[in-house]
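Reader: I have a structure open and want to go through it with you. Can we start with the surface and work inwards?

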Amino acid sequence: MKRHSYLFTSESVSEGHPDKVSDRISDTMVDLFLGVDPYARVAVETLTTTNLIVLAGEVRSATPVTPEQMEHAAREAVRDIGYEQDGFHWKNAEVQVHVHPQSADIAQGVDASGNKDEGAGDQGIMFGYACTETDALMPAPIYYSHKILKSLSEARRADPKSGLEPDAKSQVTLRYVDGKPVGATSVVVSTQHAAGLTQEQVREIVRPHVLKVLPEGWMCPEAEFYVNPTGNFVIGGPDGDAGLTGRKIIVDTYGGAAPHGGGAFSGKDPTKVDRSAAYACRYLAKNVVGAGLAERCTIQISYAIGVSKPLSLYVDLHDTGNVDADKLETVLADIMNLSPRGIREHLKLNRPIYARTSSYGHFGREPDADGGFSWEKLDLVQTLKGAF
């Protein structure tokens with residue numbers, strides 16, 4: 001039975017959250033390698049903790065990248081985030097680089113040879129989702145959670161005396177009536193701050209950012225507006241908690257409003273279908289919704305390692321569609337080559353465009369002039385409309 005009213009919650013974390021620091025460094029490594037070789041293979045994980053950054057993984061590049069270059073790029077990423085604290089400082093942290101050549105067994109499955117096209121870098125399932133809840137065709141709770149933290153980050157960067165520090169988390173709970181979000185019932189924001197600020201002072205620093213982001217009239221009751229519930233948040237980032245690449249996959253995608261295949265994105269070049277096929281699924285789902293074929297769309301694709309063609313393509317319109325889902329699956333497979341090579345070439349993914357994806361979500365962003373967030377374009381809308 002369909003529910004008339006319910007609550008749904010999503011969270012986000014800022015660029016200074018320890019896991020996001022790790023994601024940023026890993027994606028900086030992807031950009032570093034793709035910047036010298038567009039067909040480089042990269043799978044680099046990052047651990048961050050008190051004044052320590054550890055890089056580990058495998059790479060292959062026609063143009064060598066030295067450990068010294070990787071260390072420098074990691075430090076610059078941390079510097080850009082804004083960490084110059086005693087417990088985690090871009091200049092003083094120890095950086096260890098444990099990166100080795102890509103496994104020959106994996107490479108032979110991915111490489112094209114003879115009549116064999118490029119294969120998927122691993123087996124797996126990938127999902128994409130879009131809905132009409134926001135202009136970005138994203139679920140509203142995760143969309144507004146990201147926006148609150150992005151606004152706080154912009155304020156911190158604009159004013160060094162703002163009292164805000166890099167590490168932060170947000171959580172937004174919305175009430176849905178007849179499947180549509182109508183307002184917030186609670187908002188939680190925890191932000192690292194300068195020593196000496198009281199909880200009430202931080203609350204008033206945060207408040208205008210929440211009010212600016214939420215639609216008019218959507219603010220939660222005052223008793224359900226929680227800012228730094230523990231009372232103090234001075235020690236943060238990797239000094240407060242260790243960070244690892246790939247631990248915020250729900251934050252990176254749809255905030256739990258849609259399925260997730262389980263694979264992280266950051267630190268992986270686009271031959272890894274964990275990343276590229278998830279981008280393709282979002283691209284197709286967004287264009288389906290953008291074309292008015294449905295109010296909600298979930299797409300799943302599956303792959304086998306070393307095999308170029310997808311094993312399956314599934315579309316779910318959640319009883320909101322006005323077209324036949326079976327026909328839509330056929331149309332989508334016809335208008336986009338969903339092999340690893342086809343996705344990379346269609347979305348032009350062999351470019352250093354990934355560090356920017358590492359915080360505030362991989363989806364629901366504006367496409368960049370240099371090709372970043374190409375999977376957010378709505379350039380298939382007319383083709384899809386014409387097919388039906």
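Reader: What does the accessible surface of the protein come to?

Author: About 16200 Å², and 51% of that belongs to carbon and sulfur atoms. Keep in mind that this is a predicted model.

Reader: And how much of the chain counts as buried?

Author: Of the 388 residues, 54% count as buried.

Reader: What about the radius of gyration against a compact globule?

Author: The protein has 21 Å. A compact globule with 388 residues would have a radius of gyration near 21 Å, so the two agree. Along the principal axes, the C-alpha atoms fill a box of roughly 65 × 55 × 35 Å.

Reader: What share of the contacts is between residues 24 or more positions apart?

Author: 72%, counted among contacts with a separation of 6 or more.

Reader: Secondary structure next. How many helices and strands?

Author: The protein has 11 helices and 13 strands.

Reader: Take the sheet with β1 in it. What is the strand order?

Author: The order is β1-β8-β9-β10, an open sheet of 4 strands with mixed pairing. β1 (5-13) and β10 (225-227) are at the edges; each has a single partner strand, so one side of each is left without a neighbour in the sheet. From one strand to the next, the twist averages 15 degrees.

Reader: How do β1 and β8 pair?

Author: In the antiparallel sense, over 9 bridges, with β8 covering residues 164-177. For a position to look at, F8 stands opposite L174 in β8.

Reader: Which strands does helix α4 touch on that sheet?

Author: Helix α4 (residues 140-158) packs on the sheet and touches β1, β8 and β9 (180-193). The direction of α4 makes about 155 degrees with that of β8. Helix α5 (residues 199-213) also packs on this sheet, touching β8, β9 and β10, and its direction makes about 120 degrees with that of β10.

Reader: Staying with α4, there is R156. Buried or exposed?

Author: R156 is found in helix α4. Its relative accessibility is 11%, so R156 counts as buried, the cut-off being under 20%.

Reader: What does R156 touch?

Author: Leaving out residues up to four places away in sequence, R156 touches E15, I81, G82, S162, L164, E165 and P166. One of these, L164, lies in β8 (residues 164-177).

Reader: Which residues share a salt-bridge network with R156?

Author: The network links E15, R24, D80, R156 and R157.

Reader: How many salt bridges in the whole structure?

Author: A search of the whole structure finds 22. One of them is in α4: the side chains of K150 and E154 meet at 3.2 Å, N to O. K150 and E154 are 4 residues apart in that helix, about one turn.

Reader: How accessible is K150?

Author: K150 has a relative accessible area of 32%, so it is partly exposed. E154 is partly exposed as well, with 41%.

Reader: Where do K20 and D23 lie?

Author: Both lie in helix α1 (residues 18-36), 3 residues apart, which is about one turn of the helix. Their side chains meet in a salt bridge at 2.8 Å, N to O. K20 is buried, and D23 is too.

Reader: And K272, what does it form a salt bridge with?

Author: With D269; the closest N and O atoms are 2.4 Å apart. Both K272 and D269 are buried.

Reader: Back to sheets. What is the order in the one with β7?

Author: β7-β12-β13, an open sheet of 3 strands with antiparallel pairing. The edge strands are β7 (124-131) and β13 (312-316), each pairing on one side only. Neighbouring strands here are turned by 15 degrees against each other on average, with direction ignored.

Reader: How many bridges join β7 to β12?

Author: 8 bridges join β7 to β12 (residues 296-303), and the two strands run antiparallel. Within that pairing, M126 has I301 in β12 as its bridge partner.

Reader: Which strands does helix α8 touch there?

Author: Helix α8 (residues 273-290) packs on the sheet and touches β7 and β12, with its direction at about 30 degrees to that of β7. Helix α9 (residues 325-335) also packs on the sheet, touching β12 and β13; the direction of α9 makes about 130 degrees with that of β13.

Conventions:
Residues are numbered from 1 along each chain as its sequence is written. This is a predicted model: local features need pLDDT of at least 70, side-chain atom pairs count only at pLDDT 80 or more; totals for chains, interfaces and linings use all residues. Side-chain values use heavy atoms; hydrogens and water are left out. Two strands pair if DSSP finds at least two bridges between them. Axes are lines fitted to C-alpha atoms, for helices over the stretch in contact, and angles run from 0 to 180 degrees between N-to-C directions. Contact means heavy atoms within 4.5 Å. Buried means under 20% relative accessible area, exposed over 50%, partly exposed in between (1.4 Å probe, protein chains only). The radius of gyration is taken over C-alpha atoms; the globule rule is 2.2 Å times the number of residues to the power 0.38. Accessible areas come from the Shrake-Rupley method with a 1.4 Å probe; for residues, only the protein chains shown count as cover. A salt bridge is a side-chain nitrogen of Lys or Arg within 4 Å of a carboxyl oxygen of Asp or Glu.
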